[in-house]
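Colleague: Before accepting the labels attached to a structure, I should like to see each one set against its definition. Could we go through them together?

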Amino acid sequence: MGVLEDKGRARLFYRYLSTVYDRINPFIWNEEMRAEALEMLALDADDRVLDVGCGTGFGTEGLLQYTEHVYGLDQSEGQLEKAWAKFGKTDRVDFTFGDAERLPFADDSFDAVWSSGSIEYWPNPVAALREFRRVVKPGGDVLVVGPNYPRSTVFQKLADAIMLFYDEAEADRMFRDAGFERIEHRTMGPTYKPDVAITTLARVPDDD
Ligand SMILES: C[S@@+](CC[C@H](N)C(=O)[O-])C[C@H]1O[C@@H](n2cnc3c(N)ncnc32)[C@H](O)[C@@H]1O
């Protein structure tokens with residue numbers, strides 16, 4: 001397990017990173033990538049959507065282009081303070097302080113869950129994906145963007161030491177273990193590194 005796949009360490013890491021996050025983020029996760037992922041999720045205007053690990057609100061801002069019913073959750077106060085400054089605490093977006101693996105929402109509360117760039121910090125991603133399945137209505141979609149596993153063995157060792165990096169086979173396994181169906185993946189990235197991220201879209205079974 002990587003050094004940042006620990007909730008306390010990830011919280012500490014983001015206490016400092018939150019001050020510069022919005023300036024660094026576009027180098028690996030930009031508006032073009034976000035637009036491509038949003039098109040995959042294809043939200044309707046009346047959909048209620050939860051953004052897990054919403055951070056300073058970059059994914060949240062994209063979700064608001066599709067629906068006004070956006071909820072955000074993050075375990076870092078530093079990150080949430082930046083998001084509150086942009087959207088208000090409960091104004092355009094309803095923000096909650098919380099943990100991806102223990103979502104403080106009732107069963108079937110949302111039409112969809114979105115999570116960009118957060119799965120790599122969760123100690124138990126399958127537990128979090130099961131929580132996504134619980135809070136999304138049957139037939140609803142979940143979209144997760146995470147870091148693609150590097151091809152070079154040197155970078156693989158470095159990546160494994162830091163956080164979760166995964167390939168399509170591993171994403172398939174995690175989503176299947178969590179009970180999802182119709183699982184599909186797309187790699188994406190900025191022009192200088194077009195496969196840096198892996199985006200997975202999966203559906204909660206209709207008979208859930
Ligand atoms: C790279 S940022 C991504 C922020 C945002 N989703 C975006 O698209 O820019 C990762 C975020 O995940 C949050 N995070 C990490 N572990 C978490 C957990 N267990 N529960 C909730 N949020 C978590 C961090 O605090 C951080 O804000």
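Modeller: The following exchange takes several labels in turn.

Modeller: This is a predicted model, in which local features need pLDDT of at least 70 and side-chain atom pairs count only at pLDDT 80 or more, while totals for chains, interfaces and linings use all residues. Residues are numbered from 1 along each chain as its sequence is written, and side-chain values use heavy atoms, with hydrogens and water left out.

Colleague: Why is Asp141 called buried?

Modeller: Buried means under 20% relative accessible area, exposed over 50%, and partly exposed in between (1.4 Å probe, protein chains only). Asp141 has a relative accessible area of 13%, and is therefore buried. Asp141 lies in strand β5, where nine of the twelve residues are buried.

Colleague: What makes the link between the side chains of Asp141 and Arg203 a polar contact?

Modeller: A polar contact is a pair of N or O atoms within 3.5 Å, one able to donate a hydrogen and the other to accept it. The two side chains are joined at 2.9 Å, a polar contact.

Colleague: How do you know that β4 and β5 pair?

Modeller: Strands (E, at least two residues) are DSSP runs, and two of them pair if DSSP finds at least two bridges between them. Six bridges join β4 to β5, which run parallel. Seven bridges join β5 to β7, which run antiparallel.

Colleague: Why is Val3 called partly exposed?

Modeller: Val3 has a relative accessible area of 43%, and is therefore partly exposed. Val3 is found in the segment before α1.

Key. Helix = DSSP H or I, 4+ residues; strand = E, 2+ residues; numbered from the N terminus.
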